[in-house]
Amino acid sequence: MAKKKTRTYPTESFKRCHCEPAYVDDDPTQIDKNTRPLEALTEAQGHYILSLKSNAITFALGPAGTGKTFVAGVFAIDELLAKRIERIIITRPKTTVDEDWGEMPGTLIEKYAPYLGPFWHVFNKRLGKSHLENLMKPGRERIQALPLGFMRGETFENAIVILDEAQNTTPEQMKMFLTRLGRGARLIIDGDESQKDIQGPSGLTDAVGRIRHLKSVGVVKFEKSDIVRHDLVQDIIEAYQR
C-alpha cells in the first residue's frame, strides 16, 4: 500500500488555525515539552480550532484517530499558558463512576487518571513532566480530573472543561454538565456516536439535536477520511460499518 501523503492546512478559510497532528511518532515516555507550532492536518481539524476559539460550547463528533482529544488538549493547555483561563477540568463518563471511588485507593485524581490517559500524554508532551506535575499539585490544581458524577452543583468559570467519550452520557447527565457553564468558561464535548456503550439514548446525540442551533454553540463533524492514524484504521472502520 502506497504511503499516504501528509497535507497540512490551513486554507484561506481558517489560515490562522493551528493544531497538532493526532498521531505522535515520538517515544511515549518522552518528558521534554513540545512547543512546536501546530498545524491542522485536515480541514475538519481547522474548523474545530475555529469553533474552540469562537464558541462557548463545541461538540466534536466522529471516529477515533481524527484528533478530537489531541486538539482539545493542546488548545486547552495553550489557553492556560496564555492566562486566558484559570484552570482545565477533564471528565469522562463511566457507568460506575458514582459507586466505586470511595473503595479505590489513592486520591481522586489517582483513581480517575487511568480513564484519562490520552490527555495526560498530550499535557505531558506540551508542558514537560515537571511543569505538568506542578500545575496538578494539591492546592494549586490548575489542571483537574473530576468524575462526571461529582460535578453536580459546580459552576465552571474562567475554565476549559473537556468531556471525553460523551456518547456514553445519558441525556440527564449531559443536561447537568451543560448547565454548569459559567462566565469565561468553554465546554469541549467529544465523542463517537457509533461507539455508544450504554443502554438507552445517548446524551451526546440528544444534546446536539437540541442546542446545535443556539448562538455560541459549534458542532464539528469528523469523517473516517479525517483519520490521521495508520492508513489501516480507515479500512478497519469501513469493515465494521459493512
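Which residues in helix 2 meet which residues in helix 4? I shall begin with that question, and I should say at once that what we are viewing is a predicted model. On the side of helix 2, the residues are Thr69, Phe70, Gly73, Val74, Ile77, Asp78 and Leu81. They meet Pro118, Phe119, Val122, Phe123, Arg126 and Leu127 in helix 4.

The geometry of this pair can be stated briefly. The axes of helix 2 and helix 4 are 9 Å apart, and the packing angle is about 45 degrees. An angle of that kind falls outside the ranges for parallel, antiparallel and perpendicular pairs, and the two helices are therefore oblique to each other. The crossing of helix 2 past helix 4 is right-handed.

Let me now place these helices in the whole protein. The protein contains eight helices and six strands. Read from the N terminus, the order of elements is α-β-α-β-α-α-α-β-β-α-β-α-β-α. There are 242 residues in the protein, and 47% of them count as buried. If we take the contacts with a separation of 6 or more, 76% are between residues 24 or more positions apart. As for the surface, the protein exposes about 13,000 Å², and carbon and sulfur atoms supply 50% of that area.

I turn next to the charged pairs. Side chains of opposite charge can pair when their charged atoms come close. How many salt bridges does the count give? The count comes to six, and I shall describe three of them in some detail.

One of them returns us to the helix 2 and helix 4 contact. Arg126 and Asp78 form a salt bridge through their side chains, with 3.1 Å from N to O. Arg126 belongs to helix 4, residues 117–127, and Asp78 to helix 2, residues 68–81, so this salt bridge ties together parts that lie 48 residues apart in sequence. Both residues also appear among those that meet where the two helices pack. Are these two partners buried or exposed? Arg126 has a relative accessibility of 11% and counts as buried, because the limit for that class is under 20%. Asp78, at 26%, counts as partly exposed.

Helix 2 takes part in another such link. Glu79 forms a salt bridge with Arg186, and the closest N and O atoms are 2.7 Å apart. Here Glu79 is in helix 2 while Arg186 is in strand 5, residues 186–191, and the pair links parts of the chain 107 residues apart. Glu79 and Arg186 are both buried. These two residues also belong to a network of salt bridges that includes Arg84.

The third pair is Lys221 with Glu193, whose side chains meet at 4.0 Å, N to O. Lys221 lies in strand 6, residues 217–221, and Glu193 in the loop between strand 5 and helix 7, so the pair ties together parts 28 residues apart in sequence. Lys221 is partly exposed, with a relative accessibility of 45%. Glu193 is likewise partly exposed, with a relative accessible area of 32%.

Strand 6 also holds Val219. With a relative accessible area of 26%, Val219 counts as partly exposed. Setting aside residues up to four places away in sequence, Val219 touches Phe59, Leu61, Val208 and Arg212. Its C-alpha atom is separated by 9.4 Å from that of His47, although Val219 and His47 are 172 residues apart along the chain.

My last topic is helix 6, residues 171–178. Which of its residues are buried? They are Pro171, Met174, Met176, Phe177 and Leu178. The cover over these buried residues includes strand 1, strand 2, strand 4, strand 5 and helix 7.

Helix 7 contains Gly203, a residue that is buried with a relative accessible area of 0%. Leaving out neighbours within four places in sequence, Gly203 is in contact with Thr169, Thr170, Pro171 and Met174. Pro171 and Met174 were named a moment ago among the buried residues of helix 6. Between Gly203 and Gln173 the C-alpha to C-alpha distance is 7.0 Å, and the two residues are 30 apart in sequence.

To close, I return to the opening contact. Helix 2 meets helix 4 through the residues I listed, with Asp78 and Arg126 among them, and the side chains of those two residues join in a salt bridge. Thank you.

Note on methods
Residues are numbered from 1 along each chain as its sequence is written. This is a predicted model: local features need pLDDT of at least 70, side-chain atom pairs count only at pLDDT 80 or more; totals for chains, interfaces and linings use all residues. Side-chain values use heavy atoms; hydrogens and water are left out. Helices (H or I, at least four residues) and strands (E, at least two) are DSSP runs, numbered from the N terminus. Buried means under 20% relative accessible area, exposed over 50%, partly exposed in between (1.4 Å probe, protein chains only). Contact means heavy atoms within 4.5 Å. Accessible areas come from the Shrake-Rupley method with a 1.4 Å probe; for residues, only the protein chains shown count as cover. Axes are lines fitted to C-alpha atoms, for helices over the stretch in contact, and angles run from 0 to 180 degrees between N-to-C directions. Angles under 35 degrees count as roughly parallel, over 145 as roughly antiparallel, 65 to 115 as roughly perpendicular and the rest as oblique. A crossing is left-handed if the near helix is turned anticlockwise from the far one by less than a right angle, and right-handed if clockwise.
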